[in-house]
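Work through the exercises below with the sequence and the structure in view. Each task is followed by a solution in steps.

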Amino acid sequence: MTTLEILSVEHSSLEGTIPSFVGAISSLRLLWLNNNMLTGTIPAELGSLAAMEQMSFQNDQLTGSVPFSFRDLSTLQSLSLSSLQLSDWRRAFLLWKHVPVKYI
């Protein structure tokens with residue numbers, strides 16, 4: 001059986017929202033969705049990705065706040081939120097003191 005560990009669609013001109021079903025891809029370790037035209041909020045379902053190591057949403061047009069469910073991402077090593085319009089981005093720093101969060 002094949003498992004999906006890396007989902008990289010950087011610089012792909014994607015539009016719309018991030019589908020919540022991405023949170024059901026339990027083998028996913030790396031999620032790079034940066035430099036697209038994604039809108040809406042970051043789905044809370046992504047917080048159930050137990051194997052997740054790196055997430056990047058930088059330079060998209062996402063809004064809202066960092067999902068509280070992300071506190072469960074114990075294997076997360078890097079989270080990039082640069083250039084997003086998040087209303088409560090400071091939550092990322094409080095939730096993951098061990099994770100380098102990039103927010104510029």
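## Exercise 1: the chain as a whole

From the N terminus to the C terminus, the elements of the chain follow the pattern β-β-β-β-β-β-β-β-α-β. The model is predicted.

**Task.** State how many helices and strands the chain has, and how confidence is spread over the elements.

**Solution.**
1. The secondary structure amounts to 1 helix and 9 strands.
2. The mean pLDDT of the chain is 86, and 83% of the residues reach at least 70.
3. Among the elements, strand E3 (residues 30–32) has the highest mean pLDDT, 97. The lowest mean, 56, belongs to strand E9 (residues 101–102).

## Exercise 2: Ser-13 and Asn-34

**Task.** Place Ser-13 and Asn-34 in the chain. Then decide for each: buried or exposed?

**Solution.**
1. Ser-13 sits in the loop between strand E1 (6–8) and strand E2 (15–16). Asn-34 sits in the loop between E3 and strand E4 (37–38).
2. The cut-offs are under 20% relative accessible area for buried and over 50% for exposed.
3. Ser-13 has a relative accessible area of 52%, so Ser-13 is exposed.
4. Asn-34 has a relative accessibility of 3%, so Asn-34 is buried.

**Task.** List what each of the two residues touches, leaving out residues up to four places away in sequence.

**Solution.**
1. Ser-13 touches Asn-36 and Met-37.
2. The C-alpha atoms of Ser-13 and Asp-60 are 9.9 Å apart, with these positions 47 residues apart along the chain.
3. Asn-34 touches Val-9, Glu-10, His-11, Ser-56, Phe-57, Gln-58 and Asp-60.
4. With Glu-10 there is also a polar contact, side chain to side chain, at 3.1 Å.

## Exercise 3: the largest nonpolar core

**Task.** Which residues of the largest nonpolar core touch the most other members? What is Leu-31 in contact with?

**Solution.**
1. The largest nonpolar core holds 21 residues.
2. Those touching the most other members are Leu-31, Leu-46, Met-52, Met-55, Phe-57 and Leu-81.
3. Beyond its neighbours within four places in sequence, Leu-31 is in contact with Leu-7, Val-22, Leu-46, Met-52, Gln-54, Met-55, Ser-56 and Phe-57.
4. In soluble globular proteins, nonpolar side chains tend to be buried together.

## Exercise 4: burial, surface and contacts

**Task.** Give the share of buried residues, the exposed area and the share of contacts joining residues at least 24 apart.

**Solution.**
1. Of the 104 residues in the chain, 37% are buried.
2. The chain exposes about 5500 Å², and 54% of this comes from carbon and sulfur atoms.
3. Taking contacts between residues at least 6 apart in sequence, 42% join residues at least 24 apart.

Methods: Residues numbered from 1 in each chain as written. Predicted model: local features only at pLDDT ≥ 70, side-chain atom pairs only at ≥ 80, totals over all residues. Heavy atoms only, no water. Helix = DSSP H or I, 4+ residues; strand = E, 2+ residues; numbered from the N terminus. Buried < 20%, exposed > 50% of the residue type's maximum accessible area, 1.4 Å probe, protein only. Contact = heavy atoms within 4.5 Å. Core = buried A, V, L, I, M, F, W, Y, C linked by side-chain atoms within 4.5 Å. pLDDT = per-residue confidence, 0-100. Polar contact = N/O pair within 3.5 Å; in protein donor to acceptor, adjacent residues only side chain to side chain. Areas by Shrake-Rupley, 256 points an atom, 1.4 Å probe, with all protein chains shown as cover.
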